[in-house]
Amino acid sequence: SNLLDRAAAATPLACETVATWDADGRVLAQDLIAELEVPGFDNSAMDGYAVRLSDLLHAGAEASFEVSQRVAAGAAGDAPLASGTVARIFTGAPVPPGADAVVIQEDSVVDADGRVRFTAEPRAGQNIRRAGEDVARGQAVLEAGQRLSAAHLGLAASIGAARLTVCRKPRVALLSTGDELAMPGEVAPADLPRGGVFNSNRFFLRALLQRLGCEVTDLGIVPDRLDATRQTLAQAARDHDVIVTSGGVSVGEEDHVKPAVQALGSLELWQVAIKPGKPFAYGRVRRDASAAGLDDAAHFIGLPGNPVSSYVTGLVLLRPFLLRLQGRRDIVVQALPAMARFTWDAPDPKRREFLRVRLDASGALERHAHQGSGVLTSVAWADGLVDNPAGQTIAPGDVVRFLPFSAFLD
Ligand code: AMP
Ligand code: MG
């Protein structure tokens, strides 16, 4: 979309190298190339005996064999297997040259004289893990733009990569607008004045931003005044890549964020045809370009004040923007076809809707009864969203597009 093009066109965030040990969740900025193959040598997948099949064939089913060597994990195991003998071998140990199968110890009998017989007929190559079967030398095991998962860290370690080149974390300034907002802890629930609202957006937006790989500076609550809003935005622009605001970006005269952005830079997008989330805004806030390595403007993203709208636009619009800024490639959440067990008979005729839904035990979807943009319990209850085209009614049994919350956060 428009917003993603803007992220892609922005100056990419610089790279940095971090210890693989500390790289969980970071976005890889360069392909990671294996300088060796994995496994580095043919090795045994089991505890047992390394054998030469032709020797076993020759000697017949009842024959016993001398155990001519013992190879444990960590041994070089480079002594060839002497003809007519077998080698005691353990999981992960190199297969001696000349051996072409491993018989598991459960299929082996050790006689009183120490010789070994086999109760099953081995196949060629059985229980041998071949050199390079996991990773080939020169292979790109991880690609630029991947977010490093736990498995990725293990894979990087398996090729000996101690450091990884990743994208610098976007520095995001977060501010809440609204004279009605009170902070939990500063005001007791019983003392919340009439007209007051606890600041919920600040809590979930900070958590979302952190999970999306950002370094968050929380700038607190900005009063509903143009001068204060301008001042905070200008200050935030100085040393952040992105400014995220909540509230104050709608059409009322107490909404000062829009005019403040227009005064300090430019408002490039305003209002999107989605529900919830219409009053979404994107713009730029100018800054002194001499600040090292920064664009001459910070990105501005204005999220709606209504908590559900703020949450949904945080996932659906802000998330892909932030991921693209970090150079991430897979940023589209794939909708899963799922069966609705609910009715939606008065869809918005003009706006694409994101309904809060939950999976039932059979994998079908139930809808939260209250789809209002202020009903945060619907988000906490839900497993995800149904992405519903404008004007589309839904009846039980219909297949709809399900976007699981979990997919937005990996
Ligand atoms: P606004 O977009 O500023 O007009 O706010 C729309 C609605 O969202 C109002 O009911 C606000 O009280 C509410 N709201 C705005 N910001 C927050 C917030 N940070 N936490 C909870 N509710 C908020
Ligand atoms: Mg407001």
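**Exercise 1. What is the handedness of the crossing of helix 4 and helix 7?**

Before the solution, a word on the model: it is predicted, local features need pLDDT of at least 70, side-chain atom pairs count only at pLDDT 80 or more, and totals for chains, interfaces and linings use all residues. Residues are numbered from 1 along each chain as its sequence is written, chains are lettered from A and ligands numbered from 1 in the order in which they are written, and side-chain values use heavy atoms, leaving out hydrogens and water.

Step 1. Find the two helices. Helices (H or I, at least four residues) and strands (E, at least two) are DSSP runs, numbered from the N terminus. Helix 4 covers residues 201-211 and helix 7 covers residues 307-325.

Step 2. Look at the angle. The two pack at about 20 degrees, with axes 11 Å apart. Axes are lines fitted to C-alpha atoms, for helices over the stretch in contact, and angles run from 0 to 180 degrees between N-to-C directions. That makes helix 4 roughly parallel to helix 7 (under 35 degrees is roughly parallel, over 145 roughly antiparallel, 65 to 115 roughly perpendicular and the rest oblique).

Step 3. Decide the hand. The crossing of helix 4 and helix 7 is right-handed (the near helix is turned clockwise from the far one by less than a right angle; anticlockwise would be left-handed).

Step 4. Name the residues in contact, meaning heavy atoms within 4.5 Å. Helix 4 contributes Asn-201, Phe-204, Leu-205, Leu-208 and Leu-209, while helix 7 brings Pro-307, Ser-310, Tyr-311, Leu-315, Leu-318 and Leu-322. By class, there are 9 nonpolar, 2 polar and no charged residues (Ala, Val, Leu, Ile, Met, Phe, Trp, Tyr, Cys and Pro are nonpolar, Asp, Glu, Lys and Arg charged, and the others, Gly among them, polar).

**Exercise 2. Work out how helix 5 meets helix 6.**

Step 1. Helix 5 (residues 226-238) packs against helix 6 (residues 257-264) at about 55 degrees, with axes 9 Å apart. That makes helix 5 oblique to helix 6.

Step 2. Helix 5 passes helix 6 in a right-handed crossing.

Step 3. On the helix 5 side you will find Leu-226, Thr-229, Arg-230, Leu-233 and Ala-234; they meet Val-257, Pro-259, Ala-260, Val-261, Ala-263 and Leu-264 of helix 6. The classes here are 9 nonpolar, 1 polar and 1 charged.

**Exercise 3. Which strands stand at the edges of the open sheet of 6 strands?**

Step 1. Write down the order, which is 16-13-17-21-20-18, with mixed pairing. Two strands pair if DSSP finds at least two bridges between them.

Step 2. Strand 16 (215-222) and strand 18 (265-270) are at the edges; each has a single partner strand, so one side of each lacks a neighbour in the sheet.

Step 3. Check one pair inside. Strand 20 (residues 281-286) and strand 21 (residues 297-303) are antiparallel over 6 bridges, and Tyr-282 stands opposite Ile-301.

Step 4. Add the helices. Helix 6 runs at about 135 degrees to strand 18, and helix 7 runs at about 160 degrees to strand 21.

**Exercise 4. Is His-368 buried or exposed?**

Step 1. Locate His-368 in the loop between strand 24 (365-367) and helix 8 (376-381).

Step 2. His-368 is buried, with a relative accessible area of 12% (buried is under 20%, exposed over 50%, partly exposed in between, with a 1.4 Å probe and protein chains only).

Step 3. Leaving aside neighbours within four places in sequence, His-368 is in contact with Arg-356, Val-375, Thr-377, Ser-378 and Trp-381.
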